[in-house]
Amino acid sequence: MAGVTDVVFRTLCKEFGADVMLSEFVSAEGILRRSRRTAAFTDFTEGQRPLGIQLFGADGPHMAEAARRVIDWRRPDFIDLNFGCPVNKVVAKNGGSSLLKDLSALSSVARAVVGGIGDRVPVSAKIRIGWDTRSINALDVCRLLEDCGIQFLTIHGRTRSQGYSGEADWETIDACARAVSIPVIGNGDIASGADVARRKRETAVAGVMIGRAAMARPWIFRDIKHALAIGAEAPQPPLAERWDIILRHCRMAVESGRYRNESVTMTAMRARLAAYCRGFPGARHLRPLITRVDSVAEVEAIAAQSLCLAENEAAARDT
């Protein structure tokens with residue numbers, strides 16, 4: 001979710017009912033080098049609490065010092081250790097899910113951070129179920145992290161080698177939740193209220209984490225709460241409301257000043273726009289337009305075109 005769950009996106013998710021959120025993952029070494037770009041990843045607003053800052057790295061003392069600095073700067077509600085990221089550039093530096101292959105190093109990082117800041121804020125961790133299908137070791141990792149003083153865990157139900165392909169293994173997540181006394185949060189293939197209800201009903205998880213599904217539908221949190229309360233899925237927002245959300249996101253991103261100017265901001269937003277518009281009427285026609293946007297005004301024009309196309313299609317069906 002790096003490049004996705006920034007302070008602007010989290011503002012939208014919180015408004016739609018997200019309970020607890022995490023920052024984009026942050027390099028411990030970048031924090032220690034006082035990188036301005038890295039520090040920006042730790043930004044959040046008071047309205048987004050409870051919120052955790054998510055760190056990755058492979059050096060225990062460095063991770064502990066980075067966590068101390070983040071607490072001094074931002075005062076997050078908890079620190080989360082990322083032992084699950086599958087991205088090559090993170091794994092190549094022995095971060096993220098690479099530590100699932102080296103439990104001694106993983107334990108060293110967890111113990112150092114808990115020992116360094118555990119008296120100030122809770123420390124959590126996120127893992128995958130293993131490096132590959134031949135080395136699924138989530139049960140051992142969960143027990144080890146509990147022994148290290150980690151206070152709750154999130155488990156993504158795929159191996160590192162799977163990336164985001166195939167189905168998440170919720171049987172392993174459930175086994176882990178039953179094997180430890182700390183709360184376990186399940187993650188993977190959660191896209192609806194029915195998915196949440198099923199996992200709550202069939203597993204011992206304390207909660208679920210929403211990831212990729214929110215990229216295209218930040219209102220998913222509202223929909224899930226509606227479904228759990230009513231017992232039926234919420235109707236999808238009308239196209240006009242979706243475009244209102246998209247345009248608000250664009251305007252907030254520009255106003256945030258995270259990037260140098262509107263053009264750079266909107267270039268960074270292109271992937272986000274593509275995710276939002278997946279499944280829209282005329283999406284094939286919209287896609288090449290989205291990949292070239294440089295301003296909010298261009299997105300406004302695309303929105304008007306999209307709504308007009310949808311109206312024409314609806315009129316044609318009615319005749």
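How many helices and strands does the protein have? There are 15 helices and 7 strands, where helices (H or I, at least four residues) and strands (E, at least two) are DSSP runs numbered from the N terminus. Keep in mind that this is a predicted model, in which local features need pLDDT of at least 70 and side-chain atom pairs count only at pLDDT 80 or more, while totals for chains, interfaces and linings use all residues. Residues are numbered from 1 along each chain as its sequence is written, and side-chain values use heavy atoms, with hydrogens and water left out.

Let's start with the overall build. The C-alpha trace spans about 65 × 45 × 35 Å along its principal axes. The radius of gyration is 21 Å, close to the 20 Å that the globule rule gives for 319 residues, so the protein is as compact as a globular protein of that length. That radius is taken over C-alpha atoms, and the rule is 2.2 Å times the number of residues to the power 0.38. Of the 319 residues, 50% count as buried; buried means under 20% relative accessible area, exposed over 50%, and partly exposed in between (1.4 Å probe, protein chains only). Among contacts (heavy atoms within 4.5 Å) between residues at least 6 apart in sequence, 68% join residues at least 24 apart.

Now for the inside. In soluble globular proteins, nonpolar side chains tend to be buried together. Here the largest nonpolar core holds 87 residues, and Ile79, Leu81, Leu145 and Trp243 touch the most other members. Such a core is a set of buried Ala, Val, Leu, Ile, Met, Phe, Trp, Tyr and Cys residues joined through side-chain atoms within 4.5 Å. Helix 12 (residues 239–256) supplies the largest share of this core, 8 residues. If you leave aside neighbours within four places in sequence, Leu81 is in contact with residues including Leu55, Met63, Val109 and Ile150.

Trp243 also turns up next to serine 306, a residue of helix 15. With the same kind of neighbours within four places left out, serine 306 is in contact with Leu239, Trp243, Phe280, Pro281 and Leu286. Serine 306 is buried, at a relative accessible area of 0%.

Helix 15 (residues 296–318) also has helix 13 (residues 262–277) for company: their axes come within 10 Å and cross at roughly 35 degrees. Axes here are lines fitted to C-alpha atoms, for helices over the stretch in contact, and angles run from 0 to 180 degrees between N-to-C directions. Glu262, Met266 and Leu273 in helix 13 meet Val296, Ala297 and Val299 in helix 15.

What about charges? The count comes to 19 salt bridges, each a side-chain nitrogen of Lys or Arg within 4 Å of a carboxyl oxygen of Asp or Glu. One of them joins arginine 270 to aspartate 294, with the closest N and O atoms 2.9 Å apart. Arginine 270 lies in helix 13 and aspartate 294 in the loop between helix 14 (283–290) and helix 15, so the pair ties together parts 24 residues apart in sequence.

Another pairs aspartate 6 with arginine 258 (3.8 Å, N to O). Aspartate 6 sits in the segment before helix 1 (7–15) and arginine 258 in the loop between helix 12 and helix 13, so this bridge ties together parts 252 residues apart in sequence. Aspartate 6 is buried at 13% relative accessibility, whereas arginine 258 is partly exposed at 29%. Asp6 and Arg258 also belong to a network of salt bridges with Glu24.
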